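Biologist: Could you walk me through the charged pairs here, and say how each label is earned?

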Amino acid sequence: MEHPLMLKPTSAATVDTKTGGLKRFFRLLWKQRALVLMSVPFVLWLFLFRYVPLWGWIISFQDYQLGKGLWDQEWVGFKQFEALFNEPRFWRALRNTIVMSFINLVLGFTTAITLALLLNELRQIVFKRVVQTISYLPHFISWVVAAGIIQVTLAPDGIVNELLLRLGLIKDELLFLGIGEWFWGIYGVSIVWKDVGWNAIIYLAAIAMIDPSLYEAAEMDGANRFRKMWHVTLPGIRPVIVVLLILNIGYLLESGFEPQFLLGNGMNMRYSENIDIFVLKYGIQLFNFSLAVAAGMFRTVVSVILLVIANSIARRLNETRLY
Amino acid sequence: MAEAATVTRRKRRHRFRMSLGDQIFETCNYLALILLMVVTLYPFLNTLAVSFNDAQDSIRGGIYLWPRKWTLENYRFVFEEASILNATLISVLRTVIGTVLTVFFSAMVAYTISRPEYVLRKFVTIAFILTLYVNGGLIPNYLLIRELNLIGTFWVYILPGLIGAFNLIIIRSFIENLPDNILEASKIDGAGDYRTFFHIVLPLCTPVLATVSLFTGVWQWNSWFDVFLYNSSYEHLSTLQYELQKILSFSQASIQRVDFNAAAAQGGIGQVTPYAIRATMTIVASVPIIMVYPFLQKYFVQGMMIGGVKE
């Protein structure tokens, strides 16, 4: 590393000339042993903890029993996948996953953009800071704490029931988390409550980058506040919205795990159980590892396909590249 | 960018007279944002009030923002429970050790992949970035941890999540945006990679490392699923979040935690209830974060920006 400026052409040469390249490569490697020592142990860690588990996917072609080695298991071909696709509970979990992802996507985007627009209209900087600081709060607390708070708020003697009773909108207390059909709504409100302030950060940053002369021009054309929002601010943050939207489409099968698991119960299970919970229940609790891995693998494969598609759409639209 | 924002602000402030429509909008805007603050804060303040209110009295209901019968019993009870004290210790340990190791090792790897001359640069970068796309999933990870005999150890909280690709990207872009000549000068002075990293890169990276520490620390403190999955039968490795999760799932199933009531009876302290314990634990589990995050706002907003404008 004594002559860093000399190294650049050498490293380019290793790529170009194949003959003797290997020798050169190892010489360079030895020269850069400091960098190698600083990174290679973590690559080994990475392979062990991130790539070795991918081997576990072969379990889905087996009838996995605990206590036997991975190679001593009985091979069953696609039997697990057949069982999975014939399992109504799996399709229900898939439906719940997709529906909740959509809720997350639509509600998450609209509320965060709206909040950013509203905050942007504030002239009271102190008030703006206070609103922002408070709106981040739920993002930082754990889902365990959040779920506990949501349960108390929605309990029969909770504040929501009390308000509705006092307003005369209901006659008896409602057991919100006990009504399956309402779970998706409760999920939607919960994730907005938890993350709207956080999600607004990126839009606020994008709004701050809009050229102020555009507003002046619009003002000269007699645009009022709403017209400026519609014709200047929103188009100004369009690239950010598009990139984030596309990126999120890639995560359509990953609607999260914690809110559904922590707020879910026997009464709303038909609507709260998503693929992650399905995998957990079949795998860890029922010891049906193979079926659980098949479900998890199905999800990952579809997710990767979605991500790649999303990424190529983003590139084609010539927006910022994701990763 | 910040200057531009202040300019617009100043420009707007010049227009003192507002139209009626503007006034209505302004009022609605303030009302909407105040409502947002109330909805965000009320559940926390209510939980806080319940945690300071006499447990038996709370059963009557009607506690909103202020305790009716002040007491510290709930907190005394929680902190006299050996299992909760131990869980607090484990939570603190995993947060501190996990954050320090993650930040230090992430910075180290990020430094190597920021060096253009490094022969393995592409390989290391791609190996990490691919993990953003694929992961083995719950069961294979569980079986691996089992094979490695990490179940029932403290390290199961630290090792599996040691370095994240996202953190690497954030730190790498920060290092790449440092003025080139600083690193070059250190090389010309004859400093090797170790010295450059420890004496130049690490100190210069303080802002981005603060961001990564915040994210990692919050994530470590808030984790409960790994405890549930790997260490649920190892009481001495339980964490605060997992203890709270247990209370929540018990009270959700309307099963009272027997040991709480038994302990309360035998300890001769005023009867505590699962409801009061739950509120108290909620506060204990979230207070450290609530105290810290407002002061680190600058850093996480920065982190979001770097993360959002990757590459």
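What follows is a chat about the salt bridges and the interface.

Modeller: One thing up front: this is a predicted model.

Biologist: Fine. What makes A:Arg225 and B:Asp22 a salt bridge?

Modeller: The label needs a side-chain nitrogen of Lys or Arg within 4 Å of a carboxyl oxygen of Asp or Glu. For A:Arg225 and B:Asp22 the N to O distance is 3.2 Å, so the pair is within that 4 Å limit. A:Arg225 also pairs with B:Glu26, at 3.3 Å from N to O.

Biologist: Why do you say that the pair of A:Arg225 and B:Glu26 joins two chains?

Modeller: Because A:Arg225 sits in helix H11 (residues 225-249) of chain A, while B:Glu26 sits in helix H2 (residues 20-51) of chain B.

Biologist: And are A:Arg225 and B:Glu26 buried or exposed?

Modeller: Buried means under 20% relative accessible area. A:Arg225 has 8% and B:Glu26 has 13%, so both values fall under the 20% cut-off.

Biologist: How many salt bridges are there between chain A and chain B?

Modeller: Three between those two chains, and 20 over all chains of the structure.

Biologist: Which one within chain A ties together parts far along the sequence?

Modeller: Take A:Glu273 and A:Arg92, with 3.8 Å from N to O; that value is still within 4 Å, so the pair counts. A:Glu273 is in the loop between helix H13 (269-272) and helix H14 (275-285), and A:Arg92 is in helix H5 (residues 88-120), so the pair links parts 181 residues apart in sequence.

Biologist: How do you know whether A:Glu273 and A:Arg92 are buried or exposed?

Modeller: A:Glu273 has 1% relative accessibility and A:Arg92 has 15%. The cut-off is under 20%, so buried is the right word.

Biologist: What about A:Asp276 and A:Arg299?

Modeller: Their closest N and O atoms are 2.8 Å apart, and they form a salt bridge. A:Asp276 belongs to helix H14 and A:Arg299 to helix H15 (residues 289-316), so the pair ties parts that are 23 residues apart in sequence. Both residues are buried.

Biologist: Which residues do salt bridges with shared partners join into one network?

Modeller: A:Glu121, A:Arg123, A:Arg225, B:Asp22 and B:Glu26.

Biologist: Stepping back, how many residues of each chain are in contact?

Modeller: 105 residues of chain A touch 104 of chain B. The buried area between them is about 9,700 Å², with 73% of it from carbon and sulfur atoms. There are also 21 residue pairs in polar contact across the interface.

Definitions and conventions: Residues numbered from 1 in each chain as written. Chains lettered and ligands numbered in written order. Predicted model: local features only at pLDDT ≥ 70, side-chain atom pairs only at ≥ 80, totals over all residues. Heavy atoms only, no water. Contact = heavy atoms within 4.5 Å. Buried area = accessible area lost by both parts, 1.4 Å probe. Polar contact = N/O pair within 3.5 Å; in protein donor to acceptor, adjacent residues only side chain to side chain. Helix = DSSP H or I, 4+ residues; strand = E, 2+ residues; numbered from the N terminus. Buried < 20%, exposed > 50% of the residue type's maximum accessible area, 1.4 Å probe, protein only.
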